[in-house]
Amino acid sequence: MRIYAASIAALTLVATASAFTPSHLNGNTLLSSRRSTVASTAIGTAINESPTALSSSLSTDPAIAELYKRRSRPEYVPGRISDPDYVRIFDTTLRDGEQSPGATLTSSEKLQIARNLAKLGVDIIEAGFPIASPDDFAAVKQIADVVGREVFDDGYVPVIAGLSRANEKDIQRAWDAVRGADRPRIHTFIATSEIHMRSKLNKTPDEVVAIAVRAVTFAKSLGCDDIEFSPEDAGRSDPEFLYRVLGEVIVAGATTLNIPDTTGWNMPWEFGTLIKKLRENVPGAENVVFSTHCQNDLGLATANSLAGALNGARQLECTINGIGERAGNASLEEIVMSLALKGDEQFEGGPGTGRLYTAINPVYITPTSKMVAEYTGMKCQPHKAIVGANAFQHESGIHQDGMIKDKSTYEIMTPESIGLMRGDSQSGAGIVLGKHSGRNAVGTRLRELGYDLDIDKLNAVFARFKEVAEKKKGGLDDDSLESLVSDQAGSVNELWRVKGLQATTGLSGIPTATVKMVGPDGVERYVSATGTGPVDAVYKAIDQIMGVSVILESYSMNSVNEGIEALASTRVVIVPTIDGPNDSAVMDAQTSQLREKKFSGSGSDTDIITSSARAYVAALNKLLTWKLRRMENANGEESDRDTTGIGNAVAVEGEVPTVVAN
């Protein structure tokens, strides 16, 4: 397990076992409580110092510096990897991941995620589908121009890829978006399975081959020397036809051949055999890098990706937390840690020695996972491998006994190795966060939980923490604290804020709500409305104040903990009304059809009505922010639609509460 060797040597010098070491290699204490605290502090301070500064270069503790040191990788050359044991990691969180229903990301959120992916060390970042909308184009271009030019001290800079269909308009748009990066890539695709060619494309196999060749040829003519081609639904395509179309695009200039199991149809041994056959039968296969892109419809995406690596694929496409279309994609953290722990011994048979490795720095897995979960609103299930809340928790008495005696009895990796600094609390000695706790205590616990918040975000979370702690006896546990982070995740795009709320309901009365909000102009507005229930009444009042027309597609509420004082966590997904004042039609990458963009929001409070209001306003703020950027990108064209959200609410001056009913 070569990825851990340097860390073992370095941390032996300070008489403690490396958090970067798999548990079964070391029977000693993983990290002392003191050193865990130092490590968590290093995350919080070092990550925010510079976009390209790794903690290894900023920490004065040699053990921590070694923990964050990134492994060297072969020099990047399109279509060739000098070390046949090296596996490139292609992250598509910002493209395929964002196609998850409700997983809307703002441009600033995408940029922050891309920067964390660079710290993680992914080889390729697929930043989006530029033709989908002006906003998507701008986001991809920003990532290419910023993250794609930020060279780290070790010389690493990620490849920035843009997806396009196999036509000149798409390809030109993708190239315009990514060309500013130091290492730009165009990723183009067309379906090759019989059902897709017949039912979706209405094309013959000959026509599909011609389209694919023209697409790659055009991409190359633009000056792009890094071209990825994907035969969509390759897992259900005729292998003989794949040999033909892939051979033709290699001649045209493709440097990476990505083999998608688009519907998650294949078994691992089936998909692995397909990769092997393609490497053996595609003319010119020795001149390209083979890649996998596996969907998780049968829960086999990670297994299929690793089967591809076993049979010679040297680029694996994946997403943080496994998010993506339908059941999601192969999970980056699962692939990376599988190769880190088993890459030395279970991958013989393909090219090279079979001792596979990546240059991913796993200690950035948890911070990146947390960021993606908060920004998309898509939480990981507690038992999710590697990054789930229960992944390093032990409740069974037998397990607890084993963990006390030797942590390697039930943990094959340490939580510190993926950036989760367990600290004292994981041994039953954590501090209780209550109304008397200070900012430092809250910030320290958040860092131990894997959150890397800058000072403004920490201040926002802390202010919200103090509000809730005043109402909640017994302090806030970790789940409650994480819920507050979710509550503040959209604050960077905050246009409107709820300043006051009162709702009445009962068996005989009409549910009524009065809402006070502050808008982007700083003016307070009051509106009263009735509804079928108190939440409905609140939402109608908010709609009137903000001047929006949306459909509430999803509403869910969970109790974060137990008891009468439990914290309520609410999540909503909204869709703008078609042809309404805030319509948000975008092009779907898979169907090429226009669809309304969805926006999600989360909120938490000890009061369920307030929690619901905060979640709804967070989603509406995302919608309005997205709409404003879209208008700004529309070539300066003027619009007579109200995008400030002021609506018809009447401004009320002074301190005396006044209600204006529309």
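**A walk through a predicted model**

R422 is buried, with a relative accessible area of 10%. I start there on purpose. This is a predicted model, and R422 is a handy way in. Where does R422 sit? It is found in the loop between α15 (397–405) and α16 (439–448). So we have a loop residue, and we have a buried one, because 10% is under the 20% cut-off. Now look across to R447. R422 and R447 are 25 residues apart in sequence. In space, their C-alpha atoms are 9.7 Å apart.

Stay in this region. F392 touches R422, so to speak, by the contact rule: heavy atoms within 4.5 Å. F392 lies in the loop between α14 (365–376) and α15. Is F392 buried or exposed? Buried, at 7% relative accessible area. What else does F392 contact, leaving aside neighbours within four places in sequence? The partners are I386, E411, M413, T414, P415, I418, L420 and R422. Y410 is another landmark. F392 and Y410 are 18 residues apart in sequence, and 9.1 Å apart from C-alpha to C-alpha.

Let me step back to the whole chain. There are 662 residues, and buried residues make up 57% of them. The chain has 20 helices and 16 strands. Its accessible surface comes to about 26,200 Å². Carbon and sulfur atoms account for 51% of that surface. Then the contacts. Take those with a separation of 6 or more: 69% of them join residues 24 or more positions apart.

Next, the cores. The largest nonpolar core has 93 residues. Which residues have the most contacts inside it? They are L120, V122, F229, L246, L257, I259 and L278. There is also a second, separate core, with 29 residues. It includes A513, V515, A537 and I545.

Pick L257 from the 93-residue core. Not counting residues up to four places away in sequence, L257 touches F229, L246, V249, I250, V288, V289, F290 and S291. Two of those names, F229 and L246, are also on the list of residues with the most contacts in the core.

From L246, move one residue along to G247. G247 has its place in helix α10 (residues 239–252). G247 is buried, at 8% relative accessible area. Which residues does G247 contact, beyond its neighbours within four places? L242, V282 and P283. P283 is 36 residues away from G247 in sequence. Yet the two C-alpha atoms are 5.0 Å apart.

Now a strand. I124 lies in strand β2 (residues 124–128). Its relative accessibility is 0%, so I124 counts as buried. I124 touches R88, I89, F90, D91, V159, A161, R185 and Q315, with residues up to four places away not counted. P184 gives a distance to remember. I124 and P184 are 60 residues apart in sequence, and 9.5 Å apart in space, C-alpha to C-alpha.

R88 takes us to a cavity. How many cavities of 30 Å³ or more are there? Two. The second largest has a volume of about 30 Å³. Its lining is R73, P74, E75, Y76, I81, Y86, R88 and D123. By class, that lining has four nonpolar residues, four charged residues and no polar ones.

On to helix α8, residues 194–201. H196 lies in it. H196 is buried, with a relative accessible area of 14%. Leaving aside neighbours within four places, H196 is in contact with A191, L201, E232, D233 and R236.

Last, two asparagines with a backbone feature to point out. N202 is found in the loop between α8 and α9 (205–221). Its phi is near 55°, a positive value in a residue other than glycine. N321 has a positive phi too, near 65°. N321 lies in the loop between β8 (315–318) and α13 (332–342). Are these two residues buried or exposed? N202 counts as exposed, at 65% relative accessibility. N321 counts as buried, at 9%.

To close, go back to where we began. R422 is a buried residue in a loop. F392 is a buried residue in a loop, and contacts R422. Find that pair on the screen, and then follow the other stops from there.

Methods: Residues numbered from 1 in each chain as written. Predicted model: local features only at pLDDT ≥ 70, side-chain atom pairs only at ≥ 80, totals over all residues. Heavy atoms only, no water. 1 Å grid on protein atoms, 1.4 Å probe; cavity = no way out; pocket = protein on both sides within 12 Å on 5 of 7 lines; lining within 4 Å. Points joined across faces, edges and corners; volume = space filled by probe spheres on them. Nonpolar A, V, L, I, M, F, W, Y, C, P; charged D, E, K, R; others polar. Helix = DSSP H or I, 4+ residues; strand = E, 2+ residues; numbered from the N terminus. Buried < 20%, exposed > 50% of the residue type's maximum accessible area, 1.4 Å probe, protein only. Areas by Shrake-Rupley, 256 points an atom, 1.4 Å probe, with all protein chains shown as cover. Core = buried A, V, L, I, M, F, W, Y, C linked by side-chain atoms within 4.5 Å.
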